[in-house]
Amino acid sequence: MTTHQVTWYQLDSIGLEGAEIGPVGVVGFSLDNHKDLHVDGILGQDILHHYNYLLDYGKKMLVIDEDNSLATSLSSPTVPLMETKGRLVVMVTPKSDRKKLCSSGFWSHLPGGV
């Protein structure tokens with residue numbers, strides 16, 4: 001395992017495709033040893049959740065939906081997200097009343113246990 005020392009910065013704002021958010025905390029580190037990645041930086045969900053976006057894995061690109069035109073052009077079903085305890089979660093309604101039972105050991109592996 002490789003570890004790197006990083007520096008944390010507090011920025012007044014950060015802009016992405018013309019939209020600014022802030023203040024925001026970021027970490028800075030060199031990607032010089034990873035030139036094969038062909039990246040300028042790494043964006044996490046703490047930044048991306050401020051935007052409507054599409055990850056196109058096939059084309060290896062991130063599309064920011066500035067005017068909601070992308071969202072209205074999608075024909076696939078959308079899934080609403082709910083924020084809870086600082087995290088985005090997908091709420092899923094079961095399609096049947098059937099229940100699945102799990103051993104009690106399963107629950108101990110969940111965050112916070114049950």
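In the predicted model, Tyr53 touches Gln45, Leu48, Leu62, Val63, Ile64 and Asp65, when residues up to four places away in sequence are not counted. Tyr53 belongs to strand S5, and its relative accessible area of 28% places Tyr53 in the partly exposed class, because this value lies between the 20% under which a residue is buried and the 50% over which a residue is exposed. One of the residues that Tyr53 touches, Ile64, stands opposite Tyr53 in strand S6. The C-alpha atoms of Tyr53 and Glu66 are 8.6 Å apart in space, with the two residues 13 positions apart in sequence.

The bridge partners Tyr53 and Ile64 belong to a pairing in which S5 and S6 run in the antiparallel sense over four bridges. These two strands form a hairpin with four residues between the strands, and within that hairpin Lys60 takes a positive phi near 55 degrees. Lys60 has this positive phi although Lys60 is not a glycine, and its place is in the loop between S5 and strand S6, the latter spanning residues 61-64. With a relative accessibility of 76%, Lys60 counts as exposed, since this value is over the 50% cut-off.

A second hairpin is formed by S7 and S8, with two residues between them, and here Lys85 in the turn has a positive phi of about 55 degrees. Strand S7, residues 81-84, pairs with strand S8, residues 87-90, in the antiparallel sense over four bridges. Within this pairing, Glu83 has Leu88 of S8 as its bridge partner.

These hairpins are part of a chain whose secondary structure comes to three helices and eight strands. Read from the N terminus, the order of elements is β-β-β-β-α-β-β-α-β-β-α. Of the 114 residues in the chain, 9% are buried, and the accessible surface comes to about 10,600 Å², of which carbon and sulfur atoms account for 55%. Among contacts with a separation of 6 or more, 19% are between residues 24 or more positions apart.

One of the buried residues is Ile47, which lies in helix H1, residues 45-48. Its relative accessible area of 6% is under the 20% limit, and Ile47 is therefore classed as buried. Beyond residues up to four places away in sequence, Ile47 touches Ile14, Ile21 and Val24. The C-alpha atoms of Ile47 and Gly25 are separated by 9.6 Å, the two residues being 22 apart along the chain.

Val24, touched by Ile47, is also touched by Leu11, together with Pro23 and Val26, again not counting residues up to four places away in sequence. Leu11 is placed in strand S1, which covers residues 7-11, and at 29% relative accessibility Leu11 counts as partly exposed, because the value falls between the limits of 20% and 50%. Leu11 and Val26, which are 15 residues apart along the chain, have C-alpha atoms separated by 7.3 Å. Pro23, another residue touched by Leu11, is found in the loop between strand S3, residues 19-21, and strand S4, residues 24-28. The peptide bond joining Gly22 and Pro23 is cis, with omega of about -5 degrees.

The largest pocket holds about 530 Å³ of space. Its lining comprises 15 residues, of which Tyr51, Asn52, Tyr53, Val79 and Leu81 are the closest to the centre of the pocket. Strand S5, residues 53-56, and helix H2, residues 69-73, are the elements that give two or more residues to this lining. Tyr53 thus recurs in the description, as a residue of strand S5 and as one of those closest to the pocket centre.

As for charged side chains, the count comes to one salt bridge. This salt bridge joins the side chains of Asp32 and Lys35, with a nitrogen-to-oxygen distance of 3.9 Å. The pair qualifies because 3.9 Å is within the 4 Å limit set for such a nitrogen and a carboxyl oxygen. Lys35 counts as exposed, since its relative accessibility of 60% is over the 50% cut-off.

Note on methods
Residues are numbered from 1 along each chain as its sequence is written. This is a predicted model: local features need pLDDT of at least 70, side-chain atom pairs count only at pLDDT 80 or more; totals for chains, interfaces and linings use all residues. Side-chain values use heavy atoms; hydrogens and water are left out. Buried means under 20% relative accessible area, exposed over 50%, partly exposed in between (1.4 Å probe, protein chains only). Contact means heavy atoms within 4.5 Å. Accessible areas come from the Shrake-Rupley method with a 1.4 Å probe; for residues, only the protein chains shown count as cover. Two strands pair if DSSP finds at least two bridges between them. On a 1 Å grid over the protein atoms alone, a cavity is a set of points where a 1.4 Å probe fits but cannot get out, and a pocket is an open set with protein on both sides within 12 Å along at least five of seven lines; lining residues have an atom within 4 Å of a point. Grid points are joined across faces, edges and corners, and a volume is the space filled by probe spheres set on the points.
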